[in-house]
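This report looks at a pocket and at the pairing of charged side chains in one protein model. Please keep the sequence and the coordinates at hand while reading.

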Amino acid sequence: MPRQISYRWRLRELRAARGMFTVAEPMPHLTERGITLSSSQVHRLVSGTPERLSLPVLATLCDILDCTPADLIATSAQNLPARRVAGEAAPINLAARRPARVRLTPEG
């Protein structure tokens with residue numbers, strides 16, 4: 001059965017819980033740990049949800065925020081309904097294929 005995996009980037013929540021409210025606050029912490037990111041990269045990291053993230057950056061963020069990757073990235077999974085296989089007999093809804101009958105009434 002296919003599964004749909006989703007995740008939620010919780011960096012903003014964890015930063016707020018530790019009193020970091022501006023976008024620029026993580027930059028010195030990142031730099032002192034050997035991670036050099038531009039201000040626009042930090043802004044995208046803080047304000048959005050990254051599609052890709054290097055492990056050194058993830059480990060550094062976890063060190064700065066004193067958390068684990070599981071705290072930073074909340075994941076969830078759910079089963080998807082099975083898809084019909086090509087060539088598999090599907091039930092035919094005849095009512096949907098048959099035209100509606102027309103009733104003729106005399107004019108008058």
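Into how many nonpolar, polar and charged residues does the lining of the largest pocket divide? In this predicted model, the lining of the largest pocket comprises five nonpolar, four polar and two charged residues. The volume of this pocket is about 230 Å³, and its lining is made up of Leu37, Gln41, Arg44, Leu45, Gly48, Thr49, Pro50, Arg52, Leu53, Ser54 and Val57. The element that gives the most to this lining is helix H3, spanning residues 39–47, which supplies three residues.

**Salt bridges**

Side chains of opposite charge can pair when their charged atoms come close. Over the whole structure, a search finds four salt bridges, and the table lists some of them with the distance from N to O.

| Positive residue | Negative residue | Distance, N to O |
|---|---|---|
| Arginine 10 | Glutamate 13 | 3.1 Å |
| Arginine 33 | Glutamate 32 | 3.1 Å |
| Arginine 33 | Aspartate 63 | 2.5 Å |

Arginine 33 thus appears with two partners, forming a salt bridge with glutamate 32 and another with aspartate 63. Arginine 33 lies in the loop between helix H2 (26–32) and H3, whereas aspartate 63 belongs to helix H4 (residues 55–65), so this pair ties together parts that are 30 residues apart in sequence. As for solvent accessibility, arginine 33 is partly exposed, with a relative accessible area of 33%, and aspartate 63 is also partly exposed, at 46%, while glutamate 32 is exposed, with a relative accessible area of 58%.

Elsewhere in the chain, Arg8, Arg10 and Glu13 are linked in a network of salt bridges. Within this network, glutamate 13 is partly exposed, and its relative accessible area is 36%.

**A buried arginine without a salt bridge**

Which side chain of opposite charge is nearest to arginine 15, and how far away is it? The nearest one is that of glutamate 25, at 4.9 Å, and arginine 15, although buried, has no salt bridge. The absence follows from the cut-off, because a salt bridge requires a side-chain nitrogen of Lys or Arg within 4 Å of a carboxyl oxygen of Asp or Glu. Arginine 15 is found in helix H1, which covers residues 11–17. When residues up to four places away in sequence are not counted, arginine 15 touches Met20, Phe21, Thr22, Val23, Pro26, Val46 and Leu65.

Terms used
Residues numbered from 1 in each chain as written. Predicted model: local features only at pLDDT ≥ 70, side-chain atom pairs only at ≥ 80, totals over all residues. Heavy atoms only, no water. 1 Å grid on protein atoms, 1.4 Å probe; cavity = no way out; pocket = protein on both sides within 12 Å on 5 of 7 lines; lining within 4 Å. Points joined across faces, edges and corners; volume = space filled by probe spheres on them. Helix = DSSP H or I, 4+ residues; strand = E, 2+ residues; numbered from the N terminus. Nonpolar A, V, L, I, M, F, W, Y, C, P; charged D, E, K, R; others polar. Buried < 20%, exposed > 50% of the residue type's maximum accessible area, 1.4 Å probe, protein only. Lys, Arg positive; Asp, Glu negative; His and termini not counted. Contact = heavy atoms within 4.5 Å.
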